Each structure stands twice: as C-alpha cells, then as structure tokens.
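Here is a short tour for anyone meeting this structure for the first time. Have a look at the picture, and then we'll go through it part by part.

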Amino acid sequence: MVNIDATMRGVHWAAISKEAPFTEDSSNQKAEYDIAVVGGGFCGLSIALHAASAGRSVVLLEAGTIGCGASGRNGGIVVPHFPGAMTADDVVQVLGRERGERLAKLVADGPGFVFDQIRELGIACDGEQNGWLQPAHSEKSLAKVRRVHESWVARGVDAEWIDAQGVAEMTGASGYLGGWHRKSGGTVNPYALAQGLARVARERGADIRQHVVVGSILKDGAAQVLSTSVGEFRARKVVIATNAHTPSLYPGLAQSVIPVLLFHGFTRPLDDAEKRTVLPTRVCFTDLRKSGGFSRLSSDDRVIIGGAIFRPSNHRAYSEWHSARRLAELFPHLGGIHVESFWEGWCALTDAYLPAIQRLEPNVYSVIGFSTRGVALAQTLGREFAQFLCENKTETEMPVRVGPVLPISMQPIKAFLGGFAFPAYQLRDALRLT
Ligand SMILES: Cc1cc2nc3c(=O)[nH]c(=O)nc-3n(C[C@H](O)[C@H](O)[C@H](O)COP(=O)(O)OP(=O)(O)OC[C@H]3O[C@@H](n4cnc5c(N)ncnc54)[C@H](O)[C@@H]3O)c2cc1C
C-alpha cells in the first residue's frame with residue numbers, strides 16, 4: 001500500500017474549491033449497515049451515493065479525508081475514451097463481445113452522466129463541458145488516433161474528425177496533425193467534485209467517516225466486521241474502493257494493481273491576451289505522448305501540466321524542468337511560463353489498463369484499477385456496482401466480470417521499475433516513436 005496524505009498541501013484544486021471540505025455528522029450512524037465502502041474517492045463515493053439513494057444503509061470509511069487519494073489530485077479531465085490508443089475493439093478482445101461493448105458504452109456515455117449528475121446534484125465543482133480532443137503529435141500517433149476514432153464511429157458515437165488547422169484553432173497548441181473530438185468531454189475541479197458527492201451522499205443517508213483506517217475484515221455470521229483505527233463497523237456487504245492505495249486486506253489484493261506516482265502543476269493565471277491564444281475554446285485535450293501531452297484551463301485560467309515522477313530525482317525540480325519544456329513545445333508563444341504549484345498523486349494500473357472487480361469473499365468485493373481514466377469511469381462503474389450490491393443488476397449484466405483476485409505477475413518488480421520509466425518515455429516521445 002502506498003502512502004495516504006490527507007493534507008492536500010500544494011493541491012491547487014483544494015485552494016480554489018467552491019465546495020467546502022466535507023464535514024461529518026453522526027446522524028446517519030447505525031449498529032449494522034447493509035453496505036460498507038472502504039475508500040472515499042470517486043468510486044467509493046459513487047457506490048455510497050447510489051446505494052444510499054436506493055434506500056440502503058451505507059457507511060463509507062476513508063483513511064484520510066474525502067478525495068485525498070487520486071480523486072482530489074487528478075487533472076480533472078473528463079474523458080469519453082479508454083486510456084491512450086486503446087480502442088473499443090481492443091477492449092472487446094480482452095473482455096469478450098458482450099461485456100466489452102457494455103464497457104465501451106459506459107466509457108462513451110461517462111462524461112454525459114458525470115456532467116448531468118453535477119448539474120442535478122448542484123455540485124459547485126466548476127464543471128465545464130467544452131469538449132475533449134485526442135490530437136496526434138506524430139505520424140505514428142496519427143494512425144493510432146484515426147483507428148481510435150473509427151472504432152468509436154463504428155459504434156455510432158458522435159466523434160468528429162478535426163484536421164490540423166482545426167486542432168490548432170481549438171487548442172492554440174503547436175504541432176498537431178489532426179485528431180478526434182467529442183463535445184461531451186470537459187473539465188471539473190476534482191477535489192470539489194469529491195466533496196460535493198460526499199455531501200450529497202450524506203444528505204441521502206450515507207454515514208461518511210474520515211480518518212478511519214480499515215485494518216481487517218472478518219466474517220461474523222451473516223455480517224462482515226471491519227476493524228478500524230477507531231473501532232469496529234458491521235455490514236452485510238463490503239466493497240473495497242482503494243485503488244492505488246489498496247492495502248493487503250486479502251492475499252494478492254494489493255498486488256492486483258500497479259501503483260504509479262504522477263505529478264501535476266499549474267502555471268500562473270493567463271492574462272487576457274494569452275487567453276485568446278491558449279485553449280481559446282476552453283476545450284481540453286490528451287494526446288498519446290507517454291510523458292504527459294495534455295492540457296486544460298482551471299477556473300482561474302491557469303494551464304495544467306503533468307507527468308510521472310522519476311523516483312531517483314528531486315521530484316519537484318525534475319518535474320518542473322519537464323513541465324517547462326512541454327509547455328514551450330505546446331504553447332511556444334507563452335514564452336517560458338513557469339509552474340507555480342506542484343503536487344503528486346498515486347494512480348493504479350492493471351495489466352490490461354482496465355478496472356477489475358474482484359470477489360474476495362461471498363459478500364466482499366474490490367473495485368480498483370482505474371488507470372488514468374477514473375474521473376468518469378470510477379463514478380459510472382461505481383454506480384453500476386451499487387446497483388449490483390443492491391441486487392438491481394445481476395453479475396452477468398455488469399460491464400466488467402466479477403472475478404477472483406488476480407495478482408499481477410511480477411507486480412513488485414513492475415511497481416519498482418515504474419518509478420524509473422519516465423526518462424525513457426520522454427526519449428521515446430522526443431524521437432516521435434509514440
Ligand atoms: C495525478 C493524477 C492525474 C490524473 N488525471 C486524470 C484525469 O485527468 N482524468 C481521469 O479520468 N483520470 C485521471 N486520473 C485517474 C483518476 O484520478 C483515478 O482513476 C480515480 O480518481 C480513482 O478513484 P478511486 O476512488 O478508485 O481511488 P482514490 O481516489 O485513490 O481513492 C481511494 C481512497 O481509498 C482510501 N483508502 C486506502 N486504504 C484505506 C483503508 N485501509 N481504509 C480506509 N480508506 C482507505 C484512500 O485514502 C483514498 O482516499 C489521474 C490520477 C492521478 C494520480
């Protein structure tokens with residue numbers, strides 16, 4: 001399990017959040033709950049919200065504070081697509097036709113659901129549905145991006161192809177050869193969104209606790225007993241939604257994801273002249289560079305930047321050096337703008353870059369492994385899983401198989417090597433090999 005840092009120090013999202021940090025009250029306490037959720041990120045919060053909305057008694061136990069994991073630290077880009085160049089056809093190969101198509105639909109429809117829910121629940125998270133673009137930064141990536149686009153269009157998804165000039169006009173970014181775009185994508189303040197989801201889940205009856213570390217889960221008759229840093233909780237069903245922070249609560253569980261440490265930073269706010277040339281349509285984009293080729297604006301008009309942490313380095317100095325180079329590449333006219341804020345966060349990969357649902361005991365599950373595409377998917381799969389827990393959806397109707405624990409082969413080695421990979425990614429991107 002990787003560190004949990006509840007301070008949110010340096011995380012710009014917390015500084016500009018229009019939702020207040022979540023506060024607990026004791027009004028929803030019970031001696032025994034229908035469902036216990038471990039982890040207060042998008043996945044756990046979505047399960048708690050939707051199970052409570054369906055009338056179940058729910059307790060959510062968060063080791064730090066709401067959103068202190070990846071959910072409050074990510075880029076807040078709400079993406080209607082799988083990671084990188086993975087196509088819906090690739091996903092069908094991995095999951096089989098029925099489940100693969102179901103997951104593809106969940107991913108394609110994800111941002112629509114997220115923004116509708118934000119509006120419906122009145123969450124003040126600066127949601128901006130100005131579209132998302134996957135542009136190609138090299139000839140090699142152009143072929144991949146075209147394949148991705150074709151695969152979505154073949155499924156009736158309203159993805160439009162944009163030529164090089166169109167990409168330049170939408171983004172103000174240099175060097176792109178074309179790309180595909182969907183209007184449904186957009187951006188949020190992810191920390192604010194997490195606080196808002198927790199607030200509404202509490203209003204709907206969920207008992208949400210912070211600073212409660214779950215240390216073990218043991219069966220006691222029909223109930224599961226969760227032993228925690230503040231005492232015991234009883235529930236009939238348990239779901240572990242701890243992603244990269246997944247503890248060794250069951251054999252092999254922590255080894256079923258590869259934690260990777262990423263960083264983000266923001267520039268100073270752009271001035272009015274800069275705003276006319278950098279992301280003038282306030283679209284957001286993610287290209288196929290392994291060393292972080294993406295951009296968006298914050299509500300206070302800063303440009304985001306990010307990548308993976310190179311573990312042997314001085315994290316901040318190395319990341320700022322990389323960020324300055326990438327910003328100069330994307331927006332040369334910004335003239336060497338530097339990064340003002342900097343923070344880190346853990347993301348959880350699986351071998352297939354797709355989330356896994358694992359049955360650990362007859363009534364204990366984990367839903368983890370959202371890779372770099374969890375802002376929408378952790379919420380939508382969380383909603384689907386809440387329906388499964390509430391017995392409104394069967395196992396065969398789930399978009400991801402409910403399977404046994406699958407530890408990743410050589411997981412400790414892969415996790416260790418992941419901390420050294422960033423320079424290799426930078427080199428491959430610089431040589432246009434991606
Ligand atoms: C830097 C970064 C940038 C990213 N950018 C994007 C992006 O722009 N778009 C996108 O779609 N995705 C992005 N992602 C991925 C996305 O943030 C995640 O996939 C998503 O937030 C996962 O949500 P989660 O609820 O599964 O996990 P988390 O948000 O990590 O929540 C897990 C929670 O479990 C808690 N926990 C762990 N152990 C225990 C325990 N024993 N007891 C109680 N609680 C426990 C942790 O404290 C944590 O709060 C990014 C990720 C990172 C790290």
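## Around the ligand

How many residues surround the ligand, and which are the closest? This is a predicted model, and in it the ligand has 42 residues around it, with Gly-39, Gly-41, Gly-69, Gly-75 and Gly-374 being the closest. Two or more shell residues come from each of α2 (42-53), β12 (258-267), β16 (339-349) and α10 (374-389). Of these, α10 gives the most, with four residues.

What sort of residues make up the shell around the ligand, by class? There are 22 nonpolar and 17 polar residues, plus three charged ones.

## The sheet with β12 and β16

Two of the elements that reach the ligand shell, β12 and β16, also belong to an open sheet of three strands. Its order is β15-β12-β16, and the pairing is antiparallel. The edges are taken by β15 (304-308) and β16, each with a single partner strand, so one side of each has no neighbour in the sheet. On average, neighbouring strands here are turned by 25 degrees against each other, if you ignore direction.

Now for the pairings themselves. β12 and β16 are joined by 10 bridges, while five bridges link β12 to β15. A handy spot to look at is His-264: it stands opposite Trp-343 in β16, and its bridge partner in β15 is Gly-306.

Is β16 largely enclosed or not? Eight of its 11 residues are buried, so the rest of the structure largely encloses this strand. Helix α9 (residues 315-330) lies across β12, β15 and β16, and it runs at about 100 degrees to β16.

## The five-strand sheet

There is also an open sheet of five strands, in the order β5-β6-β4-β13-β14, and here the pairing is mixed. β5 (160-163) and β14 (294-295) sit at the edges with a single partner strand each, so one side of each is left without a neighbour in the sheet. Inside the order, strand β4 (residues 132-135) and strand β6 (residues 178-182) run antiparallel and share four bridges. Leu-133, for instance, has His-181 in β6 as its bridge partner.

Which helices pack on this sheet? One is α5 (residues 139-153), which touches β4, β5 and β6 and makes an angle of about 30 degrees with the direction of β6. Another is α6 (residues 164-171), which touches β4, β5, β6 and β13 (284-286), with its direction at about 90 degrees to that of β5.

## Two hairpins in a row

Strand β10 (residues 223-228) is worth a stop. Going along it, the side chains alternate: Gln-224, Leu-226 and Thr-228 point to one face and are buried, whereas Ala-223, Val-225 and Ser-227 point to the other face and are not.

On one side, β10 pairs with strand β9 (residues 214-220) in the antiparallel sense, over six bridges. The two make a hairpin with two residues between them, and Gly-221 in the turn has a positive phi of about 65 degrees. Asp-220 has Ala-223 in β10 as its bridge partner. β10 also forms a hairpin with β11, again with two residues between the strands. Five bridges join β10 to strand β11 (residues 231-240), running antiparallel, and Gln-224 stands opposite Ala-235 in β11.

## A buried helix

Helix α7 (residues 190-203) is a nice one for checking with a ruler. At 1.5 Å a residue, its 14 residues should span 20 Å, and the end C-alpha atoms are indeed 20 Å apart, which agrees. Of those 14 residues, 13 are buried, so α7 is largely enclosed by the rest of the structure. After the helix comes Gly-205, with a positive phi near 110 degrees.

## Two unusual backbone angles

Most residues other than glycine have a negative phi. Met-8 goes against that, with a positive phi near 60 degrees. You'll find Met-8 in the segment before α1 (12-15). Glu-391 is not a glycine either, yet has a positive phi of about 60 degrees, and sits in the loop between α10 and β19 (402-403).

Which of these counts as buried, and which as exposed? Met-8 has 20 C-beta neighbours inside 10 Å, so Met-8 counts as buried. Glu-391 has 10 C-beta neighbours inside 10 Å, so Glu-391 counts as exposed.

Key:
Residues are numbered from 1 along each chain as its sequence is written. This is a predicted model: local features need pLDDT of at least 70, side-chain atom pairs count only at pLDDT 80 or more; totals for chains, interfaces and linings use all residues. A residue is near a molecule or strand if its C-beta atom, placed from the backbone, lies within 6 Å of it. Ala, Val, Leu, Ile, Met, Phe, Trp, Tyr, Cys and Pro count as nonpolar, Asp, Glu, Lys and Arg as charged, and the others, Gly among them, as polar. A residue is buried if 20 or more other C-beta atoms lie within 10 Å of its own, exposed if 12 or fewer, and partly exposed in between; C-beta atoms are placed from the backbone. Two strands pair if DSSP finds at least two bridges between them. The expected span of a helix is 1.5 Å times one less than its number of residues. Axes are lines fitted to C-alpha atoms, for helices over the stretch in contact, and angles run from 0 to 180 degrees between N-to-C directions. Two residues are in contact if their C-beta atoms, placed from the backbone, lie within 7 Å.
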